[in-house]
Amino acid sequence: MKLTKQKEKKWPVLSWIASKKLHIIIWLVFIFYEAIIVGLINGKFGRLAPYVLYYTLNITTFYIHAHIVLAIGLNKPKQTAWKLPLLLLVEIAAYFSISICLDYIIINYTNYTGSRRITLDLVYFSAPLYRCVYFMCFSTGYYFLTRYIKERKKTEELEKQRLNNLIQLAKSENAFLKAQIQPHLLFNTLDFIYQNARESSPVAAETILSLSEMMRYSVDNNKDKDFVLLAEEINQVENLINLHQLRQNHGIGLRFWYDDEIRHIKIIPMVLITLVENIFKHGDLLNEIYPAEISIKAESSKLIIETANLIKDTKDSSGLNSGLENIKKRLTYTYGKDAEFKYAVTDGNCFSVRLSIILRKDNQL
């Protein structure tokens, strides 16, 4: 019996019955079977009221034993030795107490004509004890069965997740192999063009060579490298500058100097290159009076990188922050308080950047 969500809200009892229909069917079959067998053995069938009261007690005991007594008693293995026996005694005592109350109600408040009387002796208590243990045993089997089904479902879900992870890993490896093949093909093509253009067009060949080296460096540094030598970054900055100089027929005004001893310092990749790319993107580099400046030096156990350039277009100055904010986050993540990164627009529409990193043993060779 399937119910729509609207009906489930309107008729919650029907929804509950639909979810528990297997339990209800099994209990109805069980009660019908017991009633028929007992009636045939005794030669007479009991009244409806005692059946309803006693089976309500037995069914309640069944579920309390499985979902409360065993769940609490077996929850912590170290406490099971004392907790489970105590809960079982409480459960049996509660069953006896309720059973006596039901007997009293049936004998005194219904049309009971049988011979059963409340005598509080061994013979009287043997019947409820048997019924209590009987339903507790069934309930124990039900508890372990449901627990086994839950564990099996959990194992199947974990196995399904593991297989899904293996599929995703295979897809990732395949994508990684494709990503390796494609740059390899591109670099081989650029090398072929460079070799053929060396004699006929030296400027174009030099441009292709600089571009190829920069692209190769960018691809290589996407392979989970934490640190690179400043010498590698400087080489790519020189390639970038050379590339732009060739595009502008060496008309770009830019000064780049650094101390040779800093080439062996290690730094997170793509920081220096991003700063220089920012200059070419937003800087006015055709002003001969105010050329852009890039300086790298080491002093007082600090690596200091400084850049300064005129801003090409004040309307577009908001775009300056995107790449720089990314650098700032990476520096904070890697160096913490050891790195200080500042940038600002100074008088005369000049944009300046200053990065200082405290030099420690782990970022020096």
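## A walk through the strands, helices and surface

Start by selecting Ala-298: across from it, in strand β5, stands Leu-303. Before you click further, keep in mind that this is a predicted model.

**Stop 1: the hairpin of β4 and β5**

Now widen the selection to β4, residues 292-299, and β5, residues 302-310. These two strands run antiparallel, and 7 bridges join them. Together they form a hairpin with 2 residues between the strands. Click on Ser-300 in the turn, where phi is positive, about 55 degrees.

**Stop 2: the other neighbour of β4**

Add residues 254-258, which make up strand β2. Does β2 run parallel or antiparallel to β4? The two are parallel, with 5 bridges between them. For a pair to zoom in on, pick Phe-256, which has Ile-294 of β4 opposite it.

**Stop 3: on to β7 and β6**

Go back to β5 and bring in residues 350-358, strand β7. Here the pairing is antiparallel and covers 9 bridges. Ile-305 is a good place to look, since Leu-355 in β7 stands opposite it.

Next, show strand β6, residues 339-346. How many bridges pair β6 with β7? There are 8, again in the antiparallel sense. These two strands make a hairpin as well, with 3 residues between them. In that hairpin, find Gly-348, which takes a positive phi near 80 degrees.

Stay on β6 and β7 for a moment and select Lys-342. Opposite it in β7 is Arg-354. Lys-342 also has a salt bridge with Glu-340, and their closest N and O atoms are 3.1 Å apart. Lys-342 counts as exposed because its relative accessibility is 52%, above the 50% cut-off. Glu-340, at 34%, counts as partly exposed.

**Stop 4: charged pairs along helix α6**

That was one salt bridge; the structure holds 7 in total. Why might such pairs turn up? Side chains of opposite charge can pair when their charged atoms come close.

To see another, select helix α6, residues 122-197, and look for Arg-152 and Glu-156. They are 4 residues apart, about one turn of the helix, and their side chains meet in a salt bridge at 3.6 Å, N to O. Both partners are partly exposed: Arg-152 has a relative accessibility of 47%, and Glu-156 has 45%.

Then move along α6 to Glu-159 and Arg-162, which sit 3 residues apart, also about one turn. What is the distance between the closest N and O atoms in the salt bridge of Arg-162 with Glu-159? It is 2.7 Å. Colour these two by accessibility and you'll find Arg-162 partly exposed at 42%, with Glu-159 partly exposed at 35%.

**Stop 5: a charge without a salt bridge**

Jump to helix α8, residues 230-247, and select Glu-233. Is Glu-233 buried or exposed? This residue is buried, yet has no salt bridge. The nearest side chain of opposite charge is Arg-330, 7.5 Å away. A salt bridge here needs a nitrogen and an oxygen within 4 Å, so Arg-330 does not qualify.

What does the side chain of Glu-233 reach, then? Draw a distance to the backbone nitrogen of Leu-272 and you'll get 3.3 Å. Do the same for the backbone nitrogen of Val-271, which lies 3.5 Å from a polar atom of the Glu-233 side chain.

**Stop 6: an exposed loop residue**

Compare that with Glu-288, found in the loop between α9 and β4. Glu-288 has a relative accessible area of 75%, so it is exposed, a label that needs over 50%. While you're there, select Gly-251 too: it is 37 residues from Glu-288 in sequence, but their C-alpha atoms are 8.8 Å apart in space.

**Last stop: a nonpolar surface patch**

Finish by switching on the surface and selecting Leu-53, Tyr-104, Ile-105, Tyr-109, Ile-118 and Leu-120. Together they make a nonpolar surface patch of about 590 Å². Which helix supplies the largest share of the patch? Helix α5, residues 80-109, with 3 residues. Tyr-109 is found in α5, and its relative accessible area of 61% makes it exposed.

Key: Residues are numbered from 1 along each chain as its sequence is written. This is a predicted model: local features need pLDDT of at least 70, side-chain atom pairs count only at pLDDT 80 or more; totals for chains, interfaces and linings use all residues. Side-chain values use heavy atoms; hydrogens and water are left out. Patches are made of residues with over 30% relative accessible area and no salt bridge: like charges are joined within 9 Å, nonpolar side chains (Val, Leu, Ile, Met, Phe, Trp, Tyr) within 5 Å. Accessible areas come from the Shrake-Rupley method with a 1.4 Å probe; for residues, only the protein chains shown count as cover. Buried means under 20% relative accessible area, exposed over 50%, partly exposed in between (1.4 Å probe, protein chains only). Lys and Arg count as positive and Asp and Glu as negative; His and the chain ends are not counted. A polar contact is a pair of N or O atoms within 3.5 Å; within protein, one must be able to donate a hydrogen and the other to accept it, and residues adjacent in sequence count only if both atoms are side-chain atoms. Two strands pair if DSSP finds at least two bridges between them.
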